[in-house]
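Q: I'd like a close look at one part of this model, with enough of the surroundings to make sense of it. Keep it informal, and spell out any cut-offs as you go.

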Amino acid sequence: MPPKGGPNQFWNAIQSQKQDTIRWCFNYGGIQPFTRDDGGYTGLHMAAKLGKVRSLESILDHIRRMVMSRGGGDIRSTAKTKKRYEELDTKDEDVGMTAFQWACKNGHYECALLLHECGASIDIKSDEGFTAQQYAKHAKREDLIKWFERGCVEEEEEEEEPTVTFPDDYPNSVRHFLLIGFLGMFIGAIVFFYMGISRKVNTVMHVLVFFIAAISACSYYAEWAGLGVEYKTTDTTPRVIFWARYLDWVITGPLILACLALLSKSDTPTIISMCGNMVLYVICGLIGALTVAPYKYMWWVASLIFLIIVFMQLLQRLNNPEGYGGDALKGLSWLIIIVFIIYPIVWIVGSEGTGALGLSQEVGILTIADLIAKIGFGFYLLANVDAPEAETAPLNQSSQQYV
């Protein structure tokens, strides 16, 4: 139903921002965009003066359609070659101010931006001899004053970097894999500890595999809880780096090699060499993970060199002339070599390297590899390497007198 009240309805609609009524008045009520009220104000003046943004939008939209129907172009176009619609700078018949000047004087920032966007002049002076900028300064409208100082350009909002917090932003599959890793290592540590203390004489092997599993359990729990993980934004794309796993490997890697060295009865220099190269392998991998391309790939190559040296020493001890370790040493050595090969491959295709592998797949593969290299290795070692003579060997009283 059409609104009632004649021209007064138009002015009331501007104040109450009834956009449907404003449009009806233009289309059917005989009102023109520059129809004046008894005080000599047009709808533009009234809306800008009162800060009625929605009403101003409706009036400007009607003017835009009207100008375009006459082939005059879009007044809201951002093209530099667009023609100005000079009627927007019409002054009221009361004090001789344009709609844009009224918006600036009364501090209606959004109205001023809207009029400027449609081509209202910022330089024209009122009958009093003031520009819109001077009105804004006299009225101490800080937002408009700064807008003029920026060259009538809106302040660009800085794009906030997404806030990533762990463990809240982990994919569900990542949390599940980390929890599986923790539970596997935790249960393994308990079993290894029980297997050690249940013997008459505990062995170095039992102690080492317990520490391997316990340290890894702590690492996985920390990662699951959101510790020991970094959201790396300095790379080509954001990456999730689990640096806690490197703290795990820098300890458990040498412990695993120590088990194999003891099994093959290696000499002290060989043990130190294998463990030292393992430490260097892990450190180079960590530095590469925290560095950006192309430098990180050089660190990966360096880590690979140290890992290859470890493999060479393992194979050398595998074929020791004394025959120490037997089939157990052979099986355990190849198990570790095969699993350890997985780590640098996942590094280069995972978050640390190219990022081609998804985070869930990366965490899943490394969790399975860790469980095999630590829990599987531990059970295989203790099941196949049991020294019956140690059961009857006398206790080393000097080493256990304070235990």
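The part I'm after is helix α8, followed by a tour of other places in the chain.

A: Before we start: this is a predicted model, so local features need pLDDT of at least 70, side-chain atom pairs count only at pLDDT 80 or more, and totals for chains, interfaces and linings use all residues. Residues are numbered from 1 along each chain as its sequence is written, and side-chain values use heavy atoms, with hydrogens and water left out.

Helix α8 runs over residues 142-149. Helices here are DSSP runs (H or I, at least four residues), strands are E runs of at least two, and both are numbered from the N terminus. Which residues of α8 are buried? They are Leu144, Ile145, Trp147 and Phe148. Buried means under 20% relative accessible area, exposed means over 50%, and partly exposed is in between (1.4 Å probe, protein chains only). The four cover an arc of only 160 degrees around the axis, so they sit on the same side of α8. That arc is taken from the directions that lead from the helix axis to the C-beta atoms.

What covers that side? The cover on the buried residues of α8 includes α5 (99-105), α6 (109-117) and α7 (132-138), going by contacts, meaning heavy atoms within 4.5 Å. After α8 comes Gly151, with a positive phi near 85 degrees.

Now turn to α6, one of those covering helices. Its buried residues are Tyr109, Cys111, Ala112, Leu113, Leu114 and Leu115. The cover works in both directions: α8 helps cover α6, as do α3 (43-50), α4 (53-69) and α5 among others. Just after α6, Gly119 has a positive phi too, about 110 degrees.

If you're a cysteine person, Cys111 in that list has a relative accessible area of 0%, which means it counts as buried. Cys25 is buried as well, at 2% relative accessibility, and it belongs to helix α2 (residues 19-27), where Thr21, Ile22 and Phe26 are also buried. Those α2 residues cover an arc of only 140 degrees, so they are on the same side of the helix. A disulfide is a covalent bond between the sulfur atoms of two cysteines. The search counts a pair of cysteine sulfur atoms within 2.5 Å, and it finds zero in the whole structure.

Next, α5, which also covers α8. Its range, 99-105, takes in the number of Trp102, and the charged end of Lys49 sits over the ring of Trp102, 4.4 Å from its centre. The rule for that is NZ of Lys or CZ of Arg within 6 Å of the ring centre and within 35 degrees of the ring normal.

For rings further along the chain, look at Tyr221 and Trp224. They form an aromatic pair that is tilted, 5.8 Å centre to centre with 35 degrees between the planes. Rings of Phe, Tyr and Trp (its six-membered ring) pair if their centres lie within 6.5 Å; planes under 30 degrees apart are stacked, over 60 edge-to-face, and the rest tilted. The two are three residues apart in helix α10 (residues 204-224), so about one helical turn separates them. Tyr221 is partly exposed at 42%, and Trp224 is partly exposed at 25%. Ring pairs also tie Phe182 and Phe186 to these two in a cluster.

A few backbone spots deserve a glance. Most residues other than glycine have a negative phi, and most peptide bonds are trans. Gln17, in the loop between α1 (7-16) and α2, has a positive phi of about 55 degrees and is buried at 18%. Lys265, in the loop between α11 and α12, has a positive phi near 55 degrees but is exposed at 55%. The bond from Ala293 to Pro294 is cis, with omega near 0 degrees, and Pro294 is in the loop between α12 (268-290) and α13 (295-318).

Stepping back, the chain has 17 helices and two strands, and buried residues make up 44% of its 403 residues. Among contacts with a separation of 6 or more, 70% are between residues 24 or more positions apart.
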